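Trainee: Could we go through this structure together, with each term checked against its definition as we meet it?
Mentor: Yes, let us look at it and begin with a single residue.

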Amino acid sequence: MLTSLRPFAVHKGKTVFCAHCGHVATQEALFTVDEDINLIERYDDICERKVD
Ligand SMILES: [Zn+2]
């Protein structure tokens, strides 16, 4: 379940790529998998709209 989405800023010169298409990531999505398990995936502006 997607619990939050926030802008993702590249820092320390390290580029992170979209988990879906491989473009440069600009959004960070936090998912709750189980009570104590969170998962963070990063997406670009296009793919973050498809995430649920
Ligand atoms: Zn993408």
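Mentor: Gly-22 is called exposed because 10 other C-beta atoms lie within 10 Å, and the definition asks for 12 or fewer for exposed, 20 or more for buried, and anything in between for partly exposed, with C-beta atoms placed from the backbone. This is a predicted model, in which local features need pLDDT of at least 70 and side-chain atom pairs count only at pLDDT 80 or more, while totals for chains, interfaces and linings use all residues. Residues are numbered from 1 along each chain as its sequence is written.

Trainee: Where is the place of Gly-22?
Mentor: Gly-22 belongs to the loop between E1 and E2, and its C-alpha atom is separated by 18 Å from that of Leu-5, which is 17 residues apart from it along the chain.

Trainee: Why does Met-1 count as exposed?
Mentor: Met-1 has 7 C-beta neighbours inside 10 Å, so it counts as exposed. Met-1 lies in the segment before E1, and 30 Å separate its C-alpha atom from that of Lys-12, although the two are 11 residues apart in sequence.

Trainee: Which residues does Met-1 touch, not counting residues up to four places away in sequence?
Mentor: With those left out, Met-1 touches Phe-31 and Thr-32, where contact requires that the C-beta atoms, placed from the backbone, lie within 7 Å.

Trainee: How many helices and strands does the protein have, and what makes a run count as one?
Mentor: There are 1 helix and 3 strands, and the names follow from DSSP runs, which must be H or I over at least four residues for a helix and E over at least two for a strand, numbered from the N terminus. From the N terminus on, the elements run β-β-β-α.

Trainee: What makes the protein as compact as a globular protein of that length?
Mentor: Its radius of gyration is 11 Å, close to the 10 Å that the globule rule gives for 52 residues, so the protein is as compact as a globular protein of that length; the radius is taken over C-alpha atoms, and the rule is 2.2 Å times the number of residues to the power 0.38. Along the principal axes, the C-alpha atoms fill a box of roughly 35 × 25 × 15 Å, and buried residues make up 10% of the 52 residues.

Trainee: How do you know that E1 and E2 pair?
Mentor: Two strands pair if DSSP finds at least two bridges between them, and E1 and strand E2 (residues 27-34) have 5 bridges in the antiparallel sense. Leu-2 has Phe-31 in E2 as its bridge partner, Ser-4 has Leu-30 in E2, and Arg-6 stands opposite Glu-28 in E2.

Trainee: How many bridges join E2 to E3?
Mentor: These two strands run antiparallel and are joined by 7 bridges, one partnership being that of Glu-28 with Arg-42 in E3. A hairpin of 2 residues leads from E2 to E3.

Trainee: What is the order of the strands in the open sheet, and which are the edge strands?
Mentor: The order is E1-E2-E3, with antiparallel pairing, and the edge strands are strand E1 (2-7) and strand E3 (37-43), since each pairs on one side only.

Trainee: Why is E1 described as hardly covered?
Mentor: The description rests on a count, for among the 6 residues of E1 the number that are buried is 0.

Technical notes. Contact = placed C-beta atoms within 7 Å.
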